[in-house]
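Please open the structure in your viewer and keep the selection tool at hand. The tour below moves from stop to stop, saying what to select and what is found there.

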Amino acid sequence: MRDGRLLTPRERYVLPGVSRQAVIDLAHSLEIPFEETDIDLYDAYTADECFLTSTSLCICGVRSLNGRTFAAEAVPGPFTQRLTEAYKELVGCDFVAQYLARFDS
């Protein structure tokens with residue numbers, strides 16, 4: 001995320017998975033501008049916030065990249081949080097609470 005815009009690598013550089021597509025669809029529904037583009041390390045280092053998508057984690061906020069923290073003061077950042085809430089509603093499961101409960105034991 002940079003300046004309120006969601007950037008993701010083009011499909012030829014990442015797995016075009018179901019979780020990634022769900023986030024892209026949610027971004028559209030939340031009117032978060034989205035762009036598939038070539039991303040380099042500079043883009044990643046200067047991002048406001050960052051998250052990963054995967055089948056097991058759904059959406060996972062990222063705190064730092066190679067020791068460099070992102071501009072968002074908290075993890076998850078505000079856009080990641082909006083997308084996470086929408087994803088939880090979409091799948092009908094609070095996957096964040098489910099994941100964190102494993103560490104409270």
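## A tour by selection

Begin by selecting Glu36, which at 31% relative accessibility counts as partly exposed. Before going further, bear in mind that this is a predicted model.

**Salt bridges around Glu36**

Keep Glu36 selected and add Arg20, since the side chains of these two residues meet in a salt bridge, with 2.8 Å from N to O. The pair links distant parts of the chain, for Glu36 belongs to strand 2 and Arg20 to helix 1, and they are 16 residues apart. Is Arg20 buried or exposed? Arg20 has a relative accessible area of 8%, and because buried means under 20%, Arg20 is counted as buried. If you now add Glu11 to the selection, you have a network of salt bridges in which Glu11, Arg20 and Glu36 are linked.

**Two further salt bridges**

A search of the whole structure finds seven salt bridges, and two others are worth a stop. Select Arg10 and Asp38, which form a salt bridge whose closest N and O atoms are 3.1 Å apart. This pair also links distant parts of the chain: Arg10 sits in the loop between strand 1 and helix 1, while Asp38 sits in the loop between strand 2 (34-37) and helix 2, 28 residues apart. Arg10 counts as partly exposed at 36% relative accessibility, and Asp38 counts as partly exposed at 47%.

Next select Asp94 together with Lys88, where a salt bridge has its closest N and O atoms 3.4 Å apart. Asp94 is partly exposed at 37% relative accessibility, whereas Lys88, at 14%, counts as buried.

**The largest pocket**

Which residues lie closest to the centre of the largest pocket? Select Leu7, Thr8, Pro9, Phe51 and Leu52, which are the closest to that centre among the 29 residues of the lining. The elements to colour here are strand 1 (6-9), helix 1 (18-29), helix 2 (41-45) and strand 3 (50-54), each of which gives two or more residues to the lining. The volume of this pocket is about 750 Å³, and its lining residues divide into 19 nonpolar, six polar and four charged.

**The second largest pocket**

Move on to Leu57, Ile59, Phe95, Val96 and Tyr99, which lie nearest the centre of the second largest pocket, out of 21 residues that line it. Strand 4 (58-62), helix 3 (78-91) and helix 4 (95-104) are the elements that give two or more residues to this lining. About 450 Å³ of space lies in this second pocket, and the lining consists of 12 nonpolar, six polar and three charged residues.

**A nonpolar patch on the surface**

Keep Val96 selected, and note that its place is in helix 4. With a relative accessible area of 31%, Val96 is partly exposed. Now add Leu57, Tyr99, Leu100 and Phe103, which together with Val96 make a nonpolar surface patch of about 470 Å².

**A last stop at Pro78**

Finally, select Pro78, which is found in helix 3. Is this residue, Pro78, buried or exposed? Pro78 has 56% relative accessibility, and because exposed means over 50%, Pro78 counts as exposed. To close the tour, add Glu49 and set a distance between the two C-alpha atoms: Pro78 and Glu49 are 29 residues apart in sequence and 8.4 Å apart in space.

Notes:
Residues are numbered from 1 along each chain as its sequence is written. This is a predicted model: local features need pLDDT of at least 70, side-chain atom pairs count only at pLDDT 80 or more; totals for chains, interfaces and linings use all residues. Side-chain values use heavy atoms; hydrogens and water are left out. On a 1 Å grid over the protein atoms alone, a cavity is a set of points where a 1.4 Å probe fits but cannot get out, and a pocket is an open set with protein on both sides within 12 Å along at least five of seven lines; lining residues have an atom within 4 Å of a point. Grid points are joined across faces, edges and corners, and a volume is the space filled by probe spheres set on the points. Helices (H or I, at least four residues) and strands (E, at least two) are DSSP runs, numbered from the N terminus. Ala, Val, Leu, Ile, Met, Phe, Trp, Tyr, Cys and Pro count as nonpolar, Asp, Glu, Lys and Arg as charged, and the others, Gly among them, as polar. Patches are made of residues with over 30% relative accessible area and no salt bridge: like charges are joined within 9 Å, nonpolar side chains (Val, Leu, Ile, Met, Phe, Trp, Tyr) within 5 Å. Accessible areas come from the Shrake-Rupley method with a 1.4 Å probe; for residues, only the protein chains shown count as cover. A salt bridge is a side-chain nitrogen of Lys or Arg within 4 Å of a carboxyl oxygen of Asp or Glu. Buried means under 20% relative accessible area, exposed over 50%, partly exposed in between (1.4 Å probe, protein chains only).
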